[in-house]
Structures are given as C-alpha cells and as structure tokens.
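Work through the exercises below with the model open. Each task is followed by a stepwise solution.

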Amino acid sequence: MERCADIRRALNKKCAALGIPSNGIFELTPRCNLRCKMCYVRLDPDQMAPIGRERTAQEWLDMGRQVRDAGTVFLLLTGGEPTLRADFCEIFEGLEELGFSIAINTNGTNLTPQIRQLWHRLPPLQVNITLYGTCREDYDALCGNPGAFDAVVDALDWLKQEGILVHLNTTMVPTNVHKFLDVEQFAKERDLELRLTSYCFPPNRCDHGCFERLSPEQAAELIVQDTYYREGPEAIKAKSRDLDIAPTPRTCDLDNGEPMQCLAGRSQYWITWHGNMSPCAMIIDPSVQVHPFQDGFETAWEQLKEACRPIRLCPDCVNCPEQRSCMNCAAVTFAETGRFDGKPEYMCQLNSSYRKTLQELAKSL
Ligand code: SF4
Ligand code: SF4
C-alpha cells in the first residue's frame with residue numbers, strides 16, 4: 001500500500017507539471033450528524049438554503065464523466081458526512097463504474113446496511129475515518145453525540161472483516177487533547193495507521209458559535225509527542241538535527257513572494273456541495289472560485305489554473321530561516337489572514353514552539 005501511495009504521489013506531481021487534473025475532491029454535502037467544536041464546514045439545512053443547493057446524484061455523475069475525460073484518476077468523496085445523503089450509494093456506484101479510484105472521508109457513524117452491501121461488492125480504495133476519542137463520553141463532549149462512538153467501533157470492525165483499507169485520523173482540540181495517548185493506543189491495538197491533526201483551520205466556511213482549537217504551543221507539543229510515540233527517540237533526534245539544515249535558496253522574485261508549491265490548482269481541485277470549484281477546501285477567495293456545473297469542467301479547470309498562477313505567498317516566508325520545519329501552505333495563509341501574501345502568526349508561533357520542544361526533547365534523550 002505504501003508503494004501505491006508513492007505511485008499516486010508521483011503521478012499527481014507529474015500531472016501538476018502538465019496541468020492535468022488527476023486528483024479531485026467531491027464535497028457531497030455540508031450536513032453532518034455530529035457537531036464537532038472544531039468543524040469548519042458543517043451546515044444545517046436552514047444555513048445551507050441561502051448559500052445554495054446540494055447537487056443531485058445525476059449532476060455528480062455527469063461531473064464524474066467530465067472529470068474522467070479531463071484526466072482525473074483519484075476521487076475523494078467527502079462532506080460534512082457524505083454517507084448521510086440518501087443517494088450516496090447511487091453516487092458511489094456510478095462513480096465506481098466510471099473507473100475512478102475512490103477514497104471516502106467519513107466519521108464512520110453511518111455505515112448503513114445498504115452501504116455495507118455495496119462496499120462488500122464494490123469496496124472503495126480507502127476509507128478515512130476520523131476518531132475523536134475512545135469512549136461515549138468523549139464523543140458526547142466534543143461531537144454532541146455519545147452513541148456515535150459505538151457506531152464507529154462497529155464500522156471499524158466491519159471494515160476490517162471486509163479487508164477494506166482504513167486510515168484513522170484524529171483531530172485534537174482542548175476538549176479531547178487529554179485523550180491523545182488513548183487514541184494512539186486504540187489505533188495501535190487495531191493495527192491502524194493514525195494521522196494526527198493538531199492544527200485546525202479557523203471556521204471560515206461556517207459559524208457554529210462554539211469553535212475551539214489548541215494554542216500554537218499546545219499544537220506543537222502534541223506533534224512532537226506524536227512523533228515520539230509512533231517513531232521513537234531516534235526520529236526525534238534525527239528531526240532535531242534536520243532543523244539545523246539551511247533552507248534551500250529560492251530563485252523567485254523575493255520581493256513578490258513565491259507561487260503556490262502544492263498540487264492545488266495544478267493537478268488537484270475541490271468541488272463544493274453547492275458547485276463551486278477551488279484549489280482546495282480552505283481557499284474560498286472569489287478570485288479563485290470557478291463554476292464547473294455551469295461552465296463545464298474543462299473550461300472551469302482552465303480558469304482555475306489561470307486564477308492560481310499569479311498567486312504569490314508571503315515574502316517573509318520565502319526568506320524565513322525556519323521555513324524547512326514550517327507546515328504553512330497557501331490554504332493556511334489564506335484561512336489565517338484572509339490573503340495569500342499575509343503572514344500567518346499562528347503558524348509562526350507553532351513552528352517556533354515545535355522547534356524548541358523538539359530540540360529540548362532531543363537533548364534530554
Ligand atoms: S464529523 Fe467532520 S464534518 Fe461532521 S461535524 Fe465533525 S468535523 Fe464537521
Ligand atoms: S509562516 Fe512564519 S515560520 Fe512559517 S515560513 Fe512563514 S514566516 Fe516562517
């Protein structure tokens with residue numbers, strides 16, 4: 001599977017150089033049966049109405065044909081909670097028939113008998129489940145739904161029995177951060193890869209009034225703790241040594257910043273539940289939003305590439321001596337500052353704390 005991921009990365013990179021949209025994300029709905037405190041996308045139906053409408057199954061399948069013809073190989077179906085759609089099976093099966101490699105982002109609480117029957121017959125390439133804790137109380141405190149925990153465990157057991165590849169994600173915020181090691185242990189016992197998210201985007205796409213996230217210092221400490229737990233002391237020492245390596249000199253016009261470095265807008269696109277297409281979920285600037293349902297995918301993709309090309313990121317980042325260890329990207333910059341060339345102070349603080357915590361731990365080992 002590691003090999004598959006490598007091939008996929010290489011293909012997406014090659015496609016970025018050629019401007020081929022190999023990697024697509026279909027955000028089928030913003031609805032969700034959980035109410036996580038750090039969510040940046042969830043909307044209730046009454047909040048959706050003034051923004052737009054969910055696209056129908058037929059519209060997604062027609063979009064599937066268009067993106068396949070344009071070169072898309074990998075599709076991620078996400079939400080909200082995509083399985084809440086009554087026509088989720090119809091969409092999934094139709095897209096499978098079009099030949100995509102499909103991964104699903106889900107909270108794992110709604111694997112209905114219909115979905116299980118379908119996936120038994122047509123398994124997805126990968127199911128990404130986000131785990132928010134290890135008991136009913138954790139799910140009650142963070143997601144407002146205690147019973148969800150039992151449903152997730154049941155889903156994980158079933159997926160394992162079916163031999164479907166599962167990746168576990170976890171997002172840590174003040175409410176559940178004390179359970180981090182329990183979540184790590186939960187994943188280890190089930191032999192599942194766990195990916196930690198300790199940085200949460202500000203909720204620019206929704207307003208649910210109870211948003212929380214870790215301080216930059218807490219987020220940094222957790223990243224180091226995660227590395228130590230999963231990779232051990234040698235990884236801490238190696239990463240600490242890496243901090244001393246000088247950043248690669250940049251050849252761009254330093255006064256104007258550098259272009260986006262990731263695949264977004266070069267081989268990757270994100271289509272929202274109501275039909276806007278942008279380079280990624282958190283880049284919601286109207287200057288880089290295009291309309292594939294209205295204008296056709298091919299036209300919209302050309303417009304998107306064109307819109308992304310002039311973007312220049314923060315000049316301070318280009319010259320930053322600590323850039324090598326920083327997790328900043330165009331989406332973070334935009335979400336934190338509302339502009340592409342802003343300096344995201346949260347990320348600067350996170351990076352600085354990360355370096356300090358890592359070095360201190362390495363010295364003590
Ligand atoms: S499960 Fe995901 S989409 Fe649903 S509320 Fe939580 S973070 Fe948002
Ligand atoms: S976000 Fe801050 S720490 Fe990161 S590269 Fe930019 S200036 Fe440096």
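**Exercise 1. Characterise the salt bridge between Arg31 and Glu54.**

Step 1. The side chains of Arg31 and Glu54 form a salt bridge, with N and O 2.8 Å apart. The criterion is a side-chain nitrogen of Lys or Arg within 4 Å of a carboxyl oxygen of Asp or Glu.

Step 2. Locate the partners. Arg31 sits in the loop between strand S1 (23–27) and helix H2 (45–48), and Glu54 in the loop between H2 and helix H3 (57–70), so the bridge ties together parts 23 residues apart in sequence. Helices (H or I, at least four residues) and strands (E, at least two) are DSSP runs, numbered from the N terminus.

Step 3. Check accessibility. Arg31 is partly exposed at 22% relative accessibility. Glu54 is buried at 19%. Buried means under 20% relative accessible area, exposed over 50%, and partly exposed in between (1.4 Å probe, protein chains only).

A note on the basis: this is a predicted model, where local features need pLDDT of at least 70, side-chain atom pairs count only at pLDDT 80 or more, and totals for chains, interfaces and linings use all residues. Residues are numbered from 1 along each chain as its sequence is written, chains are lettered from A and ligands numbered from 1 in the order in which they are written, and side-chain values use heavy atoms, leaving out hydrogens and water.

**Exercise 2. Examine further salt bridges, then find the network that contains Arg31.**

Step 1. Start with the total: the structure has 23 salt bridges.

Step 2. Arg35 pairs with Asp44, the closest N and O atoms lying 3.4 Å apart. Arg35 is partly exposed, at 48%.

Step 3. Arg339 and Asp341 meet at 2.7 Å, N to O. Both are partly exposed: Asp341 at 34%, Arg339 at 45%.

Step 4. Shared partners link Arg31, Glu54, Arg85 and Asp87 into one salt-bridge network.

**Exercise 3. Which residues surround ligand 1 and ligand 2?**

Step 1. Around ligand 1 (a heavy atom within 4 Å) are Cys32, Leu34, Cys36, Cys39, Arg42, Gly80, Asn107 and Tyr132.

Step 2. Its shell divides into 5 nonpolar, 2 polar and 1 charged. Ala, Val, Leu, Ile, Met, Phe, Trp, Tyr, Cys and Pro count as nonpolar; Asp, Glu, Lys and Arg as charged; the others, Gly among them, as polar.

Step 3. Ligand 2 has Cys317, Cys320, Cys326, Asn328, Pro344, Cys348 and Asn351 around it. That shell holds 5 nonpolar, 2 polar and no charged residues.

**Exercise 4. Is His274 buried or exposed?**

Step 1. His274 lies in the loop between strand S7 (268–271) and strand S8 (277–278).

Step 2. His274 is buried, at 18%.
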